[in-house]
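Me: I'd like to go through this one label by label and ask what earns each of them. Could you set every value against its cut-off?

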Amino acid sequence: MEALRSLARLLLAFTIFSNLSLLACSSSLQYIQIATAERRIDVSSHIIKAFLTLKINDVVFQVENTGTSPISEVLLAFPPTQVDHISSLKAALTVGKKKKKSYVPLEVNPTELPDAPNGTKYFKILLLNPLSAGETATVEVLYVLTHSLEPFPAEISQSESQLVYYRDSAIILSPYYIKQQTTFIKTPSTRVESFTRVEPTTRAGIELKYGPYKDCPAYSYAPVLVHFENNSPFAVVEELVREIEISHWGSLQITEHYTLAHSGARHKGVFSRVDYQARSSGVSSFKHLLARLPPRVHSVFYRDQIGNISSSHLRTDYRRSELEIEPRYPLFGGWKATFVIGYGLPLQDFLFESPDGRRYLNFTFGCPLVETVVDKLTLKVRLVVLPEGSKDPSAVVPFTVDQHLETKYSYLDIVGRTVVVLEKKNVVPEHNSPFQVYYSFNPVFMLAEPMMLTSVFFFLFMASVAYLHVDFSISK
């Protein structure tokens, strides 16, 4: 009975704490308002940045606390149809003005609210210092969307341009009252077939302007549909397996296995290489890709299942290396290609020793191909093969990834090599950030394979000597 009473008290305390937390959250929603909001959506690529190539959205808003209690967090709201396409979301606090302006990164985490209208999803921005009553703060948010442009028509011939739909809201979805807001949508060209009007709406060149809208209540929403031409390469790496192998004898070997697809409008009809070369048809296709590699690369190769592909060009200098590759055939919508890129790097540029005596690899996460989306990256997007004898590996990545350990056996290995596997889905160029893999390593293990080889040759030599000095004849 005493245990039941203790459990009941615990449940009562948890219920009271939950209700207080919800009450505090509800109060903060009441006392925060956005003075001005400006959103710029770039749909000139398949990655929207709002700042959208499907890429980016850049949302700038000024937050004001109209209550009496300090505010330590701000909520961002997204419709459920959009939140699954968010690949990267960053926030920063603006400090200073004009030339003295600087940005302080803020922590952003997904969160949930009870009774969210229409399945709205939220992200919570944690302010560095609580916002007192009457104070204001300017926060800038950048989010990247992928797979958010819908080809229409879904199939096109070789000579046709590609048209796409983009769906969003003219009014920024927010749990707060917004005094004034404006949304800009930048298209890749002036060819816009149609767009939804939510007055005031204006169009100038490649830019659509929705707003300014004043006195927008919380959760206001005005759906818009923009139909426009977009012939940028819709290059999507369906899977990238990237293997980084460390050798303490002085080299770092990188091998990258690509499954590349064109995710735009599917190609219909017959492909004519004569028309493609003579008339420059196939404006929505692509036949060149650029890979930005680290400086001082060597032993670069580019091949597929058939063999080596000679249509590649490597440019290097002391700051960077660029590899321009050309698949065996141009890629139209729905077409795929598989290939492998490999290269070596000097170990001293990427392997270091920490103050506690551990070794650590400092390398760049992400895909080296420019303007591509990676649906699934496994480093197996990250496979790091450590030398045999490595212990206690740990990875430090600036964003959330799935990770686990494996064991790989190579030539003359006895206990096998530790493999740190990092996996992430929906990877965009904004994920090209440094990450570290720490591990302990005893240099004695470097002598294991040379000693094994030496011992084998020594015993073979002794066996040969013994064989030459033994008389196996029957007669004397």
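Me: Why is Glu207 called partly exposed?

Reply: Its relative accessibility is 30%, and partly exposed is whatever falls between buried (under 20% relative accessible area) and exposed (over 50%), using a 1.4 Å probe and protein chains only. So 30% lands in the middle class. Bear in mind that this is a predicted model, where local features need pLDDT of at least 70 and side-chain atom pairs need 80 or more, while totals for chains, interfaces and linings use all residues. Numbering starts from 1 along each chain as its sequence is written, and side-chain values use heavy atoms, leaving out hydrogens and water.

Me: What makes Glu207 and Arg40 a salt bridge?

Reply: The closest N and O atoms are 3.5 Å apart, and the rule asks for a side-chain nitrogen of Lys or Arg within 4 Å of a carboxyl oxygen of Asp or Glu. So the pair passes. Arg40, at 36% relative accessibility, is partly exposed too.

Me: How do you know that the charged end of Arg40 sits over the ring of Phe184?

Reply: It lies 4.0 Å from the ring centre. The label needs NZ of Lys or CZ of Arg within 6 Å of that centre and within 35 degrees of the ring normal, so the distance fits the rule.

Me: What about Glu430 and Lys49, buried or exposed?

Reply: Buried: Glu430 has 17% relative accessible area and Lys49 has 18%, so each falls under the buried limit. Their closest N and O atoms are 3.7 Å apart, and they form a salt bridge.

Me: Where in the chain do Glu150 and Arg167 sit?

Reply: They meet in a salt bridge at 2.5 Å, N to O. The pair links distant parts of the chain, with Glu150 in strand E9 (149-151) and Arg167 in strand E11 (163-169), 17 residues apart. Glu150 is partly exposed at 36%, as is Arg167 at 49%. Elsewhere, shared partners join Arg292, Arg315, Arg320, Glu322 and Glu324 into one salt-bridge network. The whole structure has 17 salt bridges.

Me: Why is the aromatic pair of Phe458 and Phe459 called edge-to-face?

Reply: Rings of Phe, Tyr and Trp (its six-membered ring) pair if their centres lie within 6.5 Å; planes under 30 degrees apart are stacked, over 60 edge-to-face, and the rest tilted. Here the centres are 5.7 Å apart with 70° between the planes, so the pair is edge-to-face. Phe458 is partly exposed at 46%, whereas Phe459 is exposed at 56%. The structure holds 15 aromatic pairs, and ring pairs also link Phe271, Tyr329, Phe332 and Trp335 into a cluster.

Me: What makes E25 and E29 the edges of their sheet?

Reply: Each has a single partner strand, so one side of each is left without a neighbour in the sheet. That open sheet runs E25-E26-E32-E29, with antiparallel pairing. Strands here are DSSP runs (E, at least two residues), numbered from the N terminus, and two of them pair if DSSP finds at least two bridges between them. E29 and E32 (434-440) have four bridges, so they count as paired. Lys391 stands opposite Ser440 in E32.

Me: How many disulfides are there?

Reply: Zero; a disulfide would need a pair of cysteine sulfur atoms within 2.5 Å. Cys216 is buried at 5%, and Cys367 is buried at 6%.
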